[in-house]
Amino acid sequence: MSDKIAFYSKDVSDNLEIAASTLRKWSAMLEDTGYPFRKNGKGQRLYYEKDIVALRHLK
């Protein structure tokens with residue numbers, strides 16, 4: 001994984017072996033504490049390696 005390549009939630013939830021709903025909950029929780037996720041034009045979160053590392057740490 002690379003910080004230059006963005007991943008969608010399906011890829012990340014599969015990688016972390018968690019449900020998509022859990023990923024959304026954790027991402028929203030991180031955003032509430034000020035953690036910034038980049039989003040595409042449709043408002044979908046884009047995950048980079050640093051984001052996946054943070055989520056893995058949360059797991």
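**Exercise 1. Follow the aromatic rings, starting from Tyr35.**

Tyr35 is partly exposed, with a relative accessible area of 22% (buried is under 20%, exposed over 50%, partly exposed in between, with a 1.4 Å probe and protein chains only). A word on the source: this is a predicted model, where local features need pLDDT of at least 70, side-chain atom pairs count only at pLDDT 80 or more, and totals for chains, interfaces and linings use all residues. Residues are numbered from 1 along each chain as its sequence is written, and side-chain values use heavy atoms, leaving out hydrogens and water.

*Step 1.* How many aromatic pairs does a search of the whole structure find? There are 2, where rings of Phe, Tyr and Trp (its six-membered ring) pair if their centres lie within 6.5 Å; planes under 30 degrees apart are stacked, over 60 edge-to-face, the rest tilted.

*Step 2.* Tyr35 and Phe37 have ring centres 5.0 Å apart and planes at 55°, so this pair is tilted.

*Step 3.* Is Phe37 buried or exposed? Phe37 is buried, at 9% relative accessible area.

*Step 4.* For Phe37 and Tyr47, the centres are 5.3 Å apart and the planes at 65°, so the pair is edge-to-face. Tyr47 is buried too, at 2%.

*Step 5.* Put together, Tyr35, Phe37 and Tyr47 form one aromatic cluster.

**Exercise 2. Find the charge by the cluster.**

*Solution.* Look at Phe37 again: the charged end of Arg45 sits over its ring, 6.0 Å from the centre (NZ of Lys or CZ of Arg within 6 Å of the ring centre and within 35 degrees of the ring normal).
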